[in-house]
Amino acid sequence: FIAFFATFSVPPLIPVIRECLDLTKSDVSGAAIASVTGAIFSRLCLGAVCDTYGPRFGHAFLQLLTAAATMCMAVVTDAAGFIVVRMCIGFSLATFVACQFWSTVMFNVKVVGSANAFGAGWGNAGAGFTHLIMPFIYEGFQNLHPNFVAWRVSFFVPAFAQVAIAVAILLFT
């Protein structure tokens, strides 16, 4: 859920980001493609990490790594930086692999399909949640900061959520 929240935190703010960074339609499309490409690549890598170190460390490490990328959105100044950061944030979608691995080994064969479906659905719900909540987060910061600072500060919310979930995974699982 938190990984999808972070990955999809950018699209709801595209109108403001596009204006601030003077992005073209091609830049925005390229960033979306880079995000998906990053997700595909990182899912392949995280499968091997889960096999070697387990889903706990794979999931937590990936959340911490991509939290840094999410925070970097605050310092993006041009199209190239925007595309690279979107790609790196997209890596977080590989947490899906760790979640599916984890629920597969935790649940009995009679319910593992339902457990995986629930876990996958909960993760995907994060994408919908971000489209609802990011404009409100932006609006809240806009009351404190000018437009072109408010959208940047807004990315600290999903980034801190990523750090919090990573720490919770390491401490409580």
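Contact here means heavy atoms within 4.5 Å of one another. In this predicted model, that criterion gives Ser42 a short list of partners: once its neighbours within four places in sequence are set aside, Ser42 is in contact with Gly90, Phe91 and Ala94. Ser42 itself belongs to helix α3, which covers residues 25-53. With a relative accessible area of 8%, Ser42 falls under the 20% limit and is therefore buried.

Turning to the nonpolar interior, the largest core holds 22 residues, and the members that touch the most others are Ile17, Met73, Phe82, Trp151 and Phe155. Several helices feed this core: at least two residues come from each of α2 (14-21), α3, α5 (79-90), α7 (112-142) and α8 (147-154). Helix α2 supplies the largest share, with four residues. As for Ile17, its contacts beyond the neighbours within four places in sequence are Val10, Asp22, Leu23, Phe82, Trp151 and Phe155. Another core lies apart from the largest one; this core has six residues, including Cys50, Leu62, Ala94 and Ala98. Ala94 thus appears both in this six-residue core and among the contacts of Ser42.

The surface offers a nonpolar feature of its own. Val105, Met106, Phe107 and Val111 form a patch there, and together they present about 390 Å² of accessible area. Of these residues, Met106 is part of helix α6, which spans residues 95-106. Met106 counts as exposed because its relative accessibility, 56%, is over the 50% limit.

Terms used. Residues are numbered from 1 along each chain as its sequence is written. This is a predicted model: local features need pLDDT of at least 70, side-chain atom pairs count only at pLDDT 80 or more; totals for chains, interfaces and linings use all residues. Side-chain values use heavy atoms; hydrogens and water are left out. Buried means under 20% relative accessible area, exposed over 50%, partly exposed in between (1.4 Å probe, protein chains only). A nonpolar core is a set of buried Ala, Val, Leu, Ile, Met, Phe, Trp, Tyr and Cys residues joined through side-chain atoms within 4.5 Å. Patches are made of residues with over 30% relative accessible area and no salt bridge: like charges are joined within 9 Å, nonpolar side chains (Val, Leu, Ile, Met, Phe, Trp, Tyr) within 5 Å. Accessible areas come from the Shrake-Rupley method with a 1.4 Å probe; for residues, only the protein chains shown count as cover. A salt bridge is a side-chain nitrogen of Lys or Arg within 4 Å of a carboxyl oxygen of Asp or Glu.
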